Amino acid sequence: QKAGDVIPDIISVVQELRDKKSKPYSFPKKISACGGDGSIERIPGQAAWRCVAKNSFAQWKRKLYYFASKSAFDIEGLGPKNIDLLLEHELIAEYADIFRLKKGDVLSLPRFAEKSADKLLEGIEKKRRIELPRLIISLSIPQVGEETAYDLAEKFRTIDALQNASLEDLSMTFGVGEVTAKSLYEWFRDAEHKLLLRHLLKEISILKMVKQAKSGVFSGKTFVLTGTLPTLSRDEAKELVRRNGGEISESVSKETSYVLLGENAGSKLEKAQKLGAPTLSEKDFLKMAKNKGKY
């Protein structure tokens, strides 16, 4: 089944369907793509095996993918294939390098002509101004997802305030637990991360945070989104909630005001039914927004 939006959740093992000749899988001790000596490890209490070295080329490449992705800077035309090309030709090595690209650099790449180069550079230029939550998301800070980024931005308001926040201040932020607070605190005090961020901030500007509405039609209401909506993207629906004073949560709980349902709703719908949380179609949701919270 799905845990949350897309994460697979194994609820049982059907051993009778297993091939009789199958053997237990043993993880290798080392993987060359991990960098360093290639060692991997499993953190106690977690299912994932991870690289011990945290700055391998393979990992950094994926961070660049995420930086340019829709959830973060959302740079049109800068997908994984083009990032691979830029890395292969040693035109980028860190986030800030994306904004330092010149037309001649791009034209030197295979498959790029005048028009396609202009389009990519135009897409990059458009993203020199970024909202604080998206900047936080783009940095690939461990344990910090989309909703946590919005909670942090809402509390600290500027990247300087977030960088200088104490461990206690971070821990007291809504939606941030001890593990996430520690991860944030350590990330912003790492010398390499400080340098990466300083270089990036020379190339971009951060849009002033708009105070979230406290008296909008969704004021005091918490929404959980699940499934694919007919006309709205997930980001558009979330923005509509926030703009009207509401809050977004990733999980259904007793505090959930509404679960906004799309196609293939999955486990969140089941939990909503179990807890008796009200559900909404996109049509009803839009009607609520138009009719001051009622439908």
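Select threonine 226 and leucine 261: threonine 226 stands opposite leucine 261, which belongs to strand 9. The model you are looking at is predicted.

Now extend the selection to residues 222-226, which make up strand 7, and to residues 258-261, which make up strand 9. These two strands pair in the parallel sense over four bridges.

Next, select strand 8, residues 247-249. Strand 8 also pairs with strand 7 in the parallel sense, over three bridges. To see one partner pair, pick phenylalanine 223 in strand 7 and isoleucine 248 in strand 8. Then add residues 234-243, helix 12, through which the chain crosses from strand 7 to strand 8. This β-α-β crossover is right-handed.

Go back to strand 7 and show its side chains. In a regular strand, side chains alternate between the two faces of the sheet. Are the two faces of strand 7 covered or open? Both are covered: Thr222, Val224 and Thr226 are buried on one side, and Phe223 and Leu225 are buried on the other. Five of the five residues of strand 7 are therefore buried, that is, under 20% relative accessible area.

Leave the strands and turn to the largest pocket. Select Arg50, Lys54, Gln59, Ser140 and Pro142, which lie nearest its centre among the 26 lining residues. The volume of this pocket is about 1,000 Å³.

Which elements help to line the largest pocket? Colour strand 4 (49-51), helix 1 (57-68), helix 10 (178-188) and helix 11 (191-203); each supplies at least two lining residues. Helix 10 gives the largest share, five residues. Finally, colour the lining by class: ten residues are nonpolar, seven polar and nine charged.

Notes: Residues numbered from 1 in each chain as written. Predicted model: local features only at pLDDT ≥ 70, side-chain atom pairs only at ≥ 80, totals over all residues. Heavy atoms only, no water. Buried < 20%, exposed > 50% of the residue type's maximum accessible area, 1.4 Å probe, protein only. Pairing = 2+ DSSP bridges. Right-handed = clockwise from strand over helix to strand, strands pointing away. 1 Å grid on protein atoms, 1.4 Å probe; cavity = no way out; pocket = protein on both sides within 12 Å on 5 of 7 lines; lining within 4 Å. Points joined across faces, edges and corners; volume = space filled by probe spheres on them. Nonpolar A, V, L, I, M, F, W, Y, C, P; charged D, E, K, R; others polar.
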